[in-house]
Amino acid sequence: MKKALICLLCAVLLCGLFACGTEKEPTAAERTEEPIAEQTTAEPAVTDAPAFSESDARPLSFETDKNTGWTYNEWQGKGWAHYHLLVYADGTAYLFTPNEVFALTENGETFSLETRLFRTPDDTKPALTLPAGEVRLSTDSAAVIIEIVSDPLGVLAYDGLDGKVLKKQDREPGETRSEVNRFYVPMEPDTEWFGSFDLGDRQYARLKLAIGENCEMTGTLRFPDGTERPCTMVGNDDGYALIDASGETPELLFYGIKAIDWEKYHAARYELAEFPLDTVCDPFGLCAVDPFSIGRRDWHDQEDERLTYMLGVNLDTVILSMIRDGWTDRTPEIETLHPLFQDFFAWLTKDGQTLVIHYEPDFSTPYAVSEAYADAFVLYGADGAVLKWGGAKPIDHAIADGYRLEKDVYFYQLTGGTGAMITGEDEDAYFLDDGRIAIETMPHEGGDGDEDFEIVKVIP
């Protein structure tokens with residue numbers, strides 16, 4: 001349980017961005033929401049910005065300044081905001097902000113920024129690339145200052161980039177990139193999500209989206225006059241666009257940034273059933289009255305689809321519901337499968353089928369006893385075939401069977417970090433697609449500790 005709390009309270013983002021490929025990158029649930037270790041003291045009233053010498057300033061150059069990293073961390077009300085500019089030796093560069101990741105293109109003395117949006121979490125090629133604006137980057141060799149030249153979406157102003165000064169780091173960014181601009185979407189195939197937009201004057205637009213097997217989000221947006229537009233939600237870790245999917249050139253209907261509700265900051269369960277976004281670009285005025293928010297259809301309304309709608313629900317409630325439906329709760333004996341499974345997995349069987357549920361503690365209420373909730377599950381048939389899953393996509397068993405322990409080579413790297421579930425401070429587990437679970441043990445905090453990899457059968 002320690003690792004789950006640590007991942008929600010402490011940051012590793014900066015280390016992940018400058019890693020040389022041997023340190024574990026954070027999972028989707030761990031990214032962007034943790035302060036770096038040396039900055040976990042009491043809230044500062046003001047964070048000292050790096051100094052910048054205008055008299056020594058020159059334009060930043062991908063060639064002159066290749067293999068450099070620049071960073072600035074700022075306290076913003078209730079959390080840390082991290083800014084990182086990474087210039088790689090091969091002439092590519094990325095600007096990481098608290099809410100976005102931008103790819104940079106050098107245009108003389110200015111740089112074009114674009115945000116890359118994906119259709120599914122597994123896609124490697126963007127479905128849509130939006131021009132996010134243009135900036136001027138000047139450096140005095142010790143720091144970089146950012147000046148906004150153009151901002152068509154308003155996202156650069158939203159990120160507070162104008163005038164930001166980033167300090168040069170002592171180490172190079174390395175050649176191994178963090179996974180940038182990957183789509184974070186609720187990993188809940190076969191679920192339906194709905195949104196209602198108050199356009200004013202008692203006029204409403206209705207959004208209906210369904211998550212497919214590969215976690216693509218598609219549906220329709222219905223306007224008050226009865227017209228409907230087929231639409232798709234595309235995005236990356238923090239930025240999301242609702243686009244018209246009827247033509248070859250998608251029309252932007254809405255662009256927003258994943259909102260952080262600080263009152264629910266420690267409760268990742270809310271992301272399993274609620275999807276709020278801060279509005280950045282709203283050409284159709286969908287958020288004229290209320291912010292953008294869509295919610296999953298409540299699982300209690302789908303009695304024949306309990307497995308699909310269980311994520312985010314109190315674990316005891318889920319188990320009781322399954323027992324009433326004829327399932328046998330074998331959770332008390334799950335330690336016989338593997339000691340690490342205790343306190344992390346529930347185990348139920350019925351008519352040759354096996355249901356394994358991964359659960360997490362909800363620490364959203366300060367000083368209260370945590371409540372366990374389901375955050376991932378897999379339903380296996382008698383032969384180990386995956387019948388349903390949610391929260392953590394099962395991994396191809398051939399990848400697990402072919403993996404061999406090797407120094408500085410980890411299983412999570414082969415999976416792209418997809419599907420990892422916490423089972424201890426230094427252990428992650430993965431559902432496989434054949435009725436087994438893989439467990440990876442890694443050195444503590446990237447040190448020289450023990451490494452291990454096991455595969456455990458979980459079907460009878």
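Ser-138 is buried, because its relative accessible area of 18% is under the 20% that marks the limit. In this predicted model, Ser-138 belongs to strand β7, which covers residues 128-139. Beyond the residues within four places in sequence, Ser-138 has contacts with Phe-52, Ala-57, Arg-58, Pro-59 and Leu-60. Ala-143, Val-144 and Ile-145 are also in contact with Ser-138.

A little further along the chain comes a loop. Asp-162 sits in the loop that joins α3 (155-158) to β9 (165-168). Which residues does Asp-162 touch, leaving out those up to four places away in sequence? They are Ile-146, Glu-147 and Ile-148. Asp-162 and Ile-148 are 14 residues apart in sequence, yet their C-alpha atoms are 5.3 Å apart in space. A polar atom of the Asp-162 side chain also lies 2.8 Å from the backbone nitrogen of Ile-148.

These places belong to a chain of 460 residues, of which 50% count as buried. The chain contains six helices and 26 strands. Its exposed area is about 20600 Å², and carbon and sulfur atoms supply 48% of that area. Where contacts join residues at least 6 apart in sequence, 53% of them join residues at least 24 apart.

The interior can be followed through its nonpolar residues. In soluble globular proteins, nonpolar side chains tend to be buried together. Here the largest nonpolar core has 47 residues. The members that touch the most others are Leu-207, Leu-221, Met-233, Phe-292, Ile-294, Phe-345 and Phe-431. Strand β11, residues 203-211, gives the most to this core, with four residues. Apart from this core lies another, of 35 residues, which includes Leu-60, Leu-85, Leu-104 and Ile-257. Leu-60 is also one of the residues in contact with Ser-138.

Aromatic rings give another way to follow the structure. How many aromatic pairs does a search of the whole structure find? The search finds 15. In one of them, the ring centres of Phe-197 and Phe-292 are 5.2 Å apart and the planes meet at 40°, so the pair is tilted. This pair links distant parts of the chain, as Phe-197 is in strand β10 (residues 192-200) and Phe-292 is in strand β17 (residues 292-296), 95 residues apart. Phe-197 counts as buried because its relative accessibility is 1%. Phe-292 also counts as buried, at 1% relative accessibility.

Phe-341 and Phe-345 form an edge-to-face pair, with 5.2 Å from centre to centre and 70° between the planes. Are these two residues buried or exposed? Both Phe-341 and Phe-345 are buried. Not counting neighbours within four places in sequence, Phe-345 is in contact with Thr-331, Ile-334, Val-356, Ile-357, His-358 and Tyr-359, among others. Its contacts also include Met-421, Thr-423, Ala-429, Phe-431 and Ile-437. Phe-431 is, like Phe-345, among the core members that touch the most others.

Two further arrangements involve rings. Tyr-403, Phe-411, Tyr-430 and Phe-453 form one aromatic cluster. Arg-330 lies over the face of Trp-347, at 4.2 Å from the ring centre.

Conventions:
Residues are numbered from 1 along each chain as its sequence is written. This is a predicted model: local features need pLDDT of at least 70, side-chain atom pairs count only at pLDDT 80 or more; totals for chains, interfaces and linings use all residues. Side-chain values use heavy atoms; hydrogens and water are left out. Helices (H or I, at least four residues) and strands (E, at least two) are DSSP runs, numbered from the N terminus. Buried means under 20% relative accessible area, exposed over 50%, partly exposed in between (1.4 Å probe, protein chains only). Contact means heavy atoms within 4.5 Å. Accessible areas come from the Shrake-Rupley method with a 1.4 Å probe; for residues, only the protein chains shown count as cover. A nonpolar core is a set of buried Ala, Val, Leu, Ile, Met, Phe, Trp, Tyr and Cys residues joined through side-chain atoms within 4.5 Å. Rings of Phe, Tyr and Trp (its six-membered ring) pair if their centres lie within 6.5 Å; planes under 30 degrees apart count as stacked, over 60 as edge-to-face and the rest as tilted. A charge sits over a ring if NZ of Lys or CZ of Arg is within 6 Å of the ring centre and within 35 degrees of the ring normal. A polar contact is a pair of N or O atoms within 3.5 Å; within protein, one must be able to donate a hydrogen and the other to accept it, and residues adjacent in sequence count only if both atoms are side-chain atoms.
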